[in-house]
Amino acid sequence: MDLPVTVGVDGSDTSLAAADWAAREALLRGCPLRVLHALPLMPHLLPSWSAGRRSDPGALLHEVRHVLAVRYPQLETRTDEVHDVAPTALLAAGEDADLLVVAARGAGGFPGLRVGATALHLAARAGCPTVVLPVDPPGPEPREQIVVGLDARRPAEAALEFAFAAARRHGLPLHVLHASAAGAPDDEDELLARALEPWRAAHPEAEVAAHTAWAAAGLALVEASAKARLLVLGRRATARAGSLGPVAHAVLHHAACPVAVVPET
């Protein structure tokens, strides 16, 4: 059985937008959608939790399921309530998911917060790729490419594979961005070309553009996100457990498009 695209919802507008994005992605992948709502273990002890939410928690999933059925009648959708804190519930769900999708900030965030604890937790720890949708909807700029950040000296293979597959599903060109604040331009461009050579050979149908940016990686990727439909980053297996690093943090907080964080195995 195909693994689902799994999305977390909490009733916030941002999480409902994430559910819609996840539904469209599931259709592109030809797999089912799982909509997950995490409930507190003892909600009667948390009056602040219930004050801003529906009196019947099941009404949320019923509403989401109905809306998605109307918009995407051909999509197989499953809804689940889990009695656990959201980061733990979604992390467990990621063990049986093809992709996790979350809003950068849910109902518990405060004004001005760009990325909440749940999104950061999943991006740093999930065993499957995780897409984080920005708080603000993408602007009107043309978004006709998939962007992947690449360290040409240590290419993240899982992230590249994910990016090539995303470009194929969306029917878009792939923009591979290598950032370097030092080194000779010719040397860096040659490193990038060598790193991509086997990938171009394996995906001859892909339209690929490679570019070396002479700036800090976080800044270069955030700027590139303004014209991207999806920005892809790798998360190294050698990274400290639960650590994203400064580049991923900068991108998740400031990117103007959804960001996929792909763990390396």
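This briefing walks through the sheet, one of its strands, and the nonpolar cores of the structure above. Keep in mind that this is a predicted model. Its ten-strand sheet is open, with mixed pairing, and strand β10 (residues 259–263) is largely enclosed by the rest of the structure because five of its five residues are buried. There are also two separate nonpolar cores to look at, one with 48 residues and a second with 36.

**The sheet**

- If you read across the sheet, the strands come in the order β3-β2-β1-β4-β5-β10-β9-β6-β7-β8.
- Look for β3 (77–83) and β8 (208–213) at the edges: each has a single partner strand, so one side of each has no neighbour in the sheet.
- On average, neighbouring strands are turned by 25° against each other, ignoring direction.
- Helix α1 (residues 13–29) lies across β1 (5–8), β2 (33–39), β4 (99–103), β5 and β9, and it runs at about 155° to β4.

**Strand β10 and its partners**

- Which residues of β10 sit on each side? V259, V261 and P263 are on one side, while A260 and V262 are on the other, and all of them are buried.
- That back-and-forth pattern fits a general rule: in a regular strand, side chains alternate between the two faces of the sheet.
- Strand β5 (residues 130–133) pairs with β10 in the antiparallel sense, over three bridges.
- Within that pairing, V132 stands opposite V259, and T130 stands opposite V261.
- Strand β9 (residues 230–235) runs parallel to β10, and five bridges join the two.
- On the β9 side, R235 has P263 of β10 as its bridge partner.

**The nonpolar cores**

- In soluble globular proteins, nonpolar side chains tend to be buried together.
- Which residues of the largest core touch the most other members? They are L33, V101, L230 and V232, out of 48 residues in that core.
- Helix α6 (residues 157–170) supplies the largest share of this core, with seven residues.
- Zoom in on V101 and you'll find it touching V5, T6, V7, G8, A18, W21, A22, V131 and L133, leaving aside residues up to four places away in sequence.
- The second core is separate from this one, and its 36 residues include L36, A119, A255 and V259.
- You've met V259 already: this member of the second core is also one of the buried residues of β10.

Terms used: Residues numbered from 1 in each chain as written. Predicted model: local features only at pLDDT ≥ 70, side-chain atom pairs only at ≥ 80, totals over all residues. Heavy atoms only, no water. Core = buried A, V, L, I, M, F, W, Y, C linked by side-chain atoms within 4.5 Å. Buried < 20%, exposed > 50% of the residue type's maximum accessible area, 1.4 Å probe, protein only. Helix = DSSP H or I, 4+ residues; strand = E, 2+ residues; numbered from the N terminus. Contact = heavy atoms within 4.5 Å. Pairing = 2+ DSSP bridges. Axes fitted to C-alpha atoms, helices over the stretch in contact; angles between N-to-C directions.
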